[in-house]
Every structure is written in structure tokens, then in C-alpha cells.
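Work through the exercises below with the sequence and the 3D view open. Try each task before reading its solution.

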Amino acid sequence: MYNLFNPDNIKLTKYLFFTGKGGVGKTSTACATAITLADQGKKVLLVSTDPASNLQDVFGINLTSKGTPIQEVPNLVVANLNPEEAAKAYKESVIAPYKGKLPASVIQNMEEQLSGSCTVEIAAFNEFSNFITDEKTQIEYDHILFDTAPTGHTLRMLQLPSAWSNFISESTHGASCLGQLSGLESKKEVYKNAVITLADGKMTTLILISRPEYSPLQEAERASKELKELGVNNQLLVVNGVLDLDVENDEIADKLYSKQQEALRNIPESLQDTPTYRIPLRAYNVTGIKNIRMLLKEDYLEIQNYKLNKEELPKVKALIEDLYASKKRVIFTMGKGGVGKTTLAAAIAIGLAEKGLKVHLTTTDPADHLKFVVEEGHGIRLSKIDEKEELRNYTEAVLAKARETMAEEDIAYVEEDLRSPCTQEIAVFRAFAEIVDNADDEIVVIDTAPTGHTLLLLDATQSYHKEIQKSQGDIPEAVKNLLPRLRDAKETEVVIVTLPEATPVYEAMRLQEDLKRAGINNKWWVINSSLLMTNTQSPLLKTKSQNEIPWINKVDEIAQGNFAVIPWKGEEIKGKKLVELIR
Amino acid sequence: MSKIEIFDPAMCCATGICGPGIDQELLRVATTVNALTKKGVDIIRYGLSSEPQAFIDNKKVNDYLMKEEVEVLPITIVDGEVVKTRKYPTEDEFAQWSGVSKEEIAAAATEKENGCCCEGGCC
């Protein structure tokens with residue numbers, strides 16, 4: 001078994017970069033590491049780059065992008081990079097000098113142009129790079145920890161600088177496609193230095209966080225490989241939430257133990273040489289400074305006397321009945337990574353197909369594992385939005401269009417613009433619209449990517465919508481129809497999936513806020529993997545299951561009773577097991 | 001030779017391919033401008049979101065914007081005089097103002113440039 005992850009015994013570099021699938025405990029681990037190092041007397045800066053960050057919940061105070069000292073932990077400063085606010089500030093800084101000098105309609109035109117998701121990404125990366133390359137920060141702190149956004153997004157951020165510098169150096173007609181990134185040239189050095197620092201093993205350690213489960217371990221492998229390709233070779237793996245089986249004799253605990261051990265025995269090959277540590281499963285909720293401080297040290301049991309608001313917890317069947325009765329055509333399962341969106345999406349698809357509906361089940365998750373969960377047939381069609389493939393398709397479509405009227409050399413010119421990092425965003429967006437457009441003759445169930453990324457996508461939907469209304473370009477019908485359809489509560493339902501724990505519930509609440517802002521309907525919530533729904537007798541797991549009650553009550557309240565609970569299962573829920581879920 | 005200036009509305013890029021759809025008109029203008037530049041024509045484009053200062057510094061452009069709002073863009077200026085608003089120049093107009101014939105523009109567009117444009121040496 002792996003050694004305990006304890007920064008008291010491990011020598012760590014100046015920059016620590018925590019990454020992994022959503023819901024694996026990146027924030028808890030990063031916070032616990034930060035507190036442990038600060039308790040040793042080191043000066044520590046902890047930075048979150050997650051658009052859906054929950055650092056403020058952990059520390060119980062509002063955080064800023066500049067950094068806030070934590071009273072209870074001397075030596076620790078915490079900063080929260082909010083990409084949307086950063087984008088707003090960036091936009092403001094570009095536009096402010098021209099207010100009053102140009103008419104309002106012109107200012108508005110500029111603002112719209114600067115509202116794309118590309119600006120958000122750029123602003124986020126800007127701040128992130130500044131933290132990595134700032135000399136003052138480097139001198140001031142012994143350790144700088146980054147709690148990053150879900151993997152897909154992080155990787156994109158890291159790849160951006162190389163994409164950009166290639167783009168700039170290859171561009172023969174000036175960086176025309178970077179119109180909205182006018183400050184980019186001057187930032188080139190900063191980005192380059194950020195990537196150099198990340199790739200320097202003496203300076204930076206990449207800490208891959210996973211749970212002892214199949215899919216987060218696969219995700220860790222993917223991140224590990226892709227980051228190695230970017231030169232980030234100094235890597236550690238931390239497996240969080242490992243059940244240490246000692247005297248307990250309980251069916252659920254045994255099942256959990258063997259499930260975890262099997263996942264660890266089958267750890268992806270390329271991770272086997274990575275130094276690996278474990279953090280034991282704790283009975284307590286990992287929130288609040290006291291518990292975070294304990295996380296890397298010891299467990300304790302604290303019996304709570306919580307009471308459920310409802311006597312009987314509703315099941316997924318109720319959700320499916322309602323989706324069917326209300327004739328929904330576009331159904332999303334949204335939520336943090338690792339909460340079971342794919343499982344639920346598959347269960348909904350099966351439930352509706354059983355009622356005789358034609359269902360198209362699709363995913364935008366880069367770590368797509370839909371096909372491992374459910375088979376095609378019996379009224380269900382599967383597909384996925386592959387970002388790279390969409391980019392290729394889009395590029396080809398543009399070039400085909402260009403070839404109708406243009407000479408070969410002109411096409412080379414267009415190809416140059418197509419290498420802009422923004423193009424991928426557009427390509428995915430179009431694919432997304434295409435699928436939703438198909439909801440005319442089939443029900444579309446969409447298993448979306450982790451929260452942060454999804455939000456960017458929705459944001460893009462909104463800002464493009466404005467642009468579409470006045471563009472003379474050739475806009476596909478599907479794109480025109482997208483936002484009105486998403487906003488039509490008669491057609492669209494977003495089912496928010498969460499776990500009965502603090503962080504996933506807080507994140508889900510933020511997601512709900514974002515959906516409200518975008519004018520998109522959400523009625524249903526699903527709580528997955530509830531130990532309370534099992535009859536575990538293990539003291540540790542029983543304590544954990546009691547701790548679920550306040551979170552189940554909270555969801556009940558927010559969802560106004562429109563929620564369902566799925567019990568924790570010892571095995572992967574797939575194939576026939578999905579049918580049990582909807583009975 | 002005349003100096004041609006084009007003041008674009010705010011957009012992601014000169015070819016417009018970063019936008020929500022493919023705009024043939026923008027593709028045409030972008031490649032024509034590219035070809036004219038190669039022929040040594042003094043032609044320049046200003047983007048509203050990337051170079052807003054240019055829209056203030058040029059008094060004529062600024063006057064138009066103040067009077068007719070953002071819809072007046074694009075504005076084309078030849079030797080300091082506004083020659084066209086609300087629409088991009090046609091190929092005939094480009095030829096007339098630049099003194100480069102349409103055939104020459106087309107030829108310049110297909111002419112190979114020096115150096116390699118991609119890592120794989122594909123060109």
C-alpha cells in the first residue's frame with residue numbers, strides 16, 4: 001500500500017500544481033498541503049484557477065484575486081482567480097479610454113466583441129501566468145500552490161502559450177485573428193516564462209489527484225501524459241479517500257474496500273512509475289480549517305443527530321416520469337466531474353427509450369466513457385463531441401467554402417487564421433448546436449463536460465447569439481435556434497447532479513445561479529452515491545452517511561422537493577444495472 | 001499610388017472565420033487586401049476592437065461614427081477622402097483605387113510567398 005501523503009516527510013518544490021478530475025479532492029488536498037507547509041513556518045501562497053472554485057467555502061471568507069491572509073493560519077495567503085471577473089476587468093481596461101470619445105453604439109460593438117469565451121480564457125491565463133512569473137511573489141513565498149480547474153480546461157490553458165506563440169511567429173499577415181487579444185504580443189514573454197517554470201522539475205511539481213476509482217485514475221493518466229508532452233515531467237500521484245480496512249466487518253465497507261483495491265491494482269500502466277501516496281478516507285466532511293488541518297494527519301468520529309426532512313427519499317423513476325409527462329426534448333445532466341452525470345444521463349435515456357421514445361444520448365466530456373456505460377440500440381443512439389475532430393470538421397467546412405471562390409494561395413491565408421486558438425471553441429459550439437437542433441425528431445440527452453467548461457460553452461452561446469443577430473455571414477440554422485431552444489422551459493430541462501457532501505452541493509448551487517442568469521430551466525436535482533441509502537454498519541461509513549443528511553435536506557429545500565437520490569453501489573452502474581436504477 | 005485605408009467594425013479577425021459563421025464577403029476583402037499588399041499598394045485595415053485609437057485619431061472617421069453610429073462601418077478612405085461607407089469596396093473599386101488591374105490582383109493572390117508557413121514543411 002502507498003505511503004501516506006504528508007508534506008512533513010516529502011520534500012516539495014516551490015511551485016505545486018494540483019490537478020485531476022473534478023470531485024477527487026484537489027481543493028482539499030491543496031488546502032491541507034498549504035496548511036501543513038504553513039504550519040511548518042513556510043510562507044505559502046495558495047491560488048485557485050478554477051472558474052467554479054470553492055476555496056471561499058473552505059476558508060469561510062470572501063477571497064480576491066490579489067490574495068487574502070488567513071487569520072487562523074499564519075504564513076498562509078489565499079487567492080482566488082475569477083476568470084469572469086478578470087475578463088470583465090480586461091474588457092473594461094480596453095474600452096474605458098474610449099468612453100465618451102466614441103458613440104455608445106460603437107462602444108457596445110467593441111464590448112460584444114470582447115465578451116467571447118476566448119477573452120475569459122485569456123484573462124484567466126493572464127492572471128495565472130502573472131502569479132507564476134512574478135518575481136516579487138517568487139521571492140516572498142517558499143511555496144506557491146495552484147488548485148486548478150478541471151483537467152480539460154487546465155490543459156487547454158497550458159497549451160495556449162505554445163499555440164499562441166506558434167501562431168504569432170507563423171503568421172505572415174500579422175496576428176489578425178487575435179484582434180480581441182490586442183495585448184497579446186506584449187504578454188508573449190510572460191507566457192513563455194510560465195511554461196518554462198512549469199517544465200522545470202526543480203521548480204515545479206505536478207501533483208495528480210485521484211480517487212481510488214477507475215475513471216479518475218484514467219483521467220489522471222491522461223493529464224499526466226499530456227503534461228509530460230508539454231515538458232512537465234516532475235509528477236506525483238496522490239490517491240485520496242482510500243479506505244483503510246482494519247477491524248470493520250460490514251458488507252458495504254467490504255464492497256467499497258474491494259472496489260477501491262481493484263481500481264488500484266489496475267492503475268494505468270504509465271502511472272505505475274510515478275511516486276504515489278495515499279490519503280485515507282475520513283469520516284468527517286473535509287471543510288473548515290480544523291478538518292482540513294486534520295486531513296493529512298488523523299481521523300475522528302463524531303456522532304451527529306441530524307434528521308431528514310422527508311421520510312422517504314424519492315427515486316430516479318419520479319424524475320423520468322416527470323420528464324416524460326412534461327414532454328421535454330432536450331435534457332442535460334450537469335454538475336461537477338465525478339458526480340455521476342454519465343450514469344444518470346444513460347439511465348434517463350434508457351427510461352425514456354423504454355417508454356417508446358427515440359433517444360439520442362451524447363457527451364461533450366473529453367474523458368468520454370459513455371460507451372462503457374450503455375449500449376446502443378433499443379431506441380438509443382450514442383454520440384460524442386470530440387473537440388479535435390470538431391475542429392477538423394470545422395476547418396474543412398471553412399476551406400470548402402473558401403475553395404468555391406478562392407485561389408489556392410488565398411486558402412493558405414485563410415488556413416492561417418484557422419490556426420487561431422479561438423477556432424476550436426467555435427467548432428465545438430457549432431457541433432453542440434447541431435445536436436440540440438436534432439431534438440425535432442428525437443429526444444436529446446446530453447451528458448456535459450465538467451462545470452467550468454460547460455459554463456464557458458454556455459457563455460459562448462450567449463455572446464454569439466448577440467452577434468448572430470446582425471452578422472451577414474452564413475450562420476447555420478442550428479446555431480440560430482440554439483439559445484431560444486435552451487431557454488424554452490417547455491423543451492429543455494437541466495438536471496443538476498450532485499453528491500451529498502458540502503463541496504458538490506455548493507458547486508451545484510453556483511451552477512444553478514449561472515443557469516438562472518442564462519435563462520435556462522432547472523427543476524430537478526439528483527443526489528448520487530448516498531451511503532445513507534445503504535445499511536452500512538461500519539462506524540466510519542455510518543458517520544459519513546449521517547453527515548450526508550444536512551446536504552440532502554439542503555437539496556430538498558433548493559429543489560423544492562424535485563429531487564431523487566441514488567444509493568451508493570458497490571459496482572460500476574452500467575448495462576443492466578442502469579435498469580435497476582430507474583425501477 | 002493611392003493610399004487606401006479601411007476601418008472595420010469590431011470583429012474577431014479580418015477573415016471573419018472566428019465569428020459564428022463563414023462570411024464570404026470578409027474572406028474576399030481579406031484576400032484582396034493581402035494581394036494588394038504584395039503588389040506594393042499602400043493599404044491598411046484598422047479593427048475597431050484592436051485599434052480603437054485609430055477611429056478617434058482620424059477626424060473624418062470619427063465624424064462619421066458620431067453622426068451615423070456603428071452601422072456606418074466599414075469606412076474606406078482613399079488618399080484621405082472617404083469614398084465608401086457601410087459596405088466594403090467591390091473588386092472593381094479596389095482595382096480603380098489601387099491602379100492594379102483585377103487580373104493582376106488575382107495573379108498576386110496566387111503567387112507563392114517566401115519561407116515556410118508551417119512546422120511540417122507542408123508548403
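The exercises cover a sheet and some salt bridges.

This is a predicted model, where local features need pLDDT of at least 70, side-chain atom pairs count only at pLDDT 80 or more, and totals for chains, interfaces and linings use all residues. Residues are numbered from 1 along each chain as its sequence is written, chains are lettered from A and ligands numbered from 1 in the order in which they are written, and side-chain values use heavy atoms, without hydrogens and water.

**Exercise 1.** Find the edge strands of the open sheet of 9 strands in chain A.

Solution.
- Strands are DSSP runs of E, at least two residues; helices are runs of H or I, at least four.
- Two strands pair if DSSP finds at least two bridges between them.
- The order is β1-β9-β8-β7-β2-β6-β3-β5-β4 (chain A), with mixed pairing.
- The edges are β1 (3-4) and β4 (68-69) of chain A, each pairing on one side only.

**Exercise 2.** How does strand β3 of chain A run relative to β6 of chain A, parallel or antiparallel?

Solution.
- Take β3 (residues 44-48) and β6 (residues 143-147) of chain A.
- They run parallel, joined by 5 bridges.
- A:V44 has A:H143 in β6(A) as its bridge partner.

**Exercise 3.** Which parts of chain A does the salt bridge of A:R381 and A:E442 tie together?

Solution.
- A salt bridge puts a side-chain nitrogen of Lys or Arg within 4 Å of a carboxyl oxygen of Asp or Glu.
- Here the closest N and O atoms are 2.8 Å apart.
- A:R381 lies in strand β12 (residues 380-384) and A:E442 in the loop between α17 (422-437) and β13 (443-447) of chain A, so the pair ties together parts 61 residues apart in sequence.
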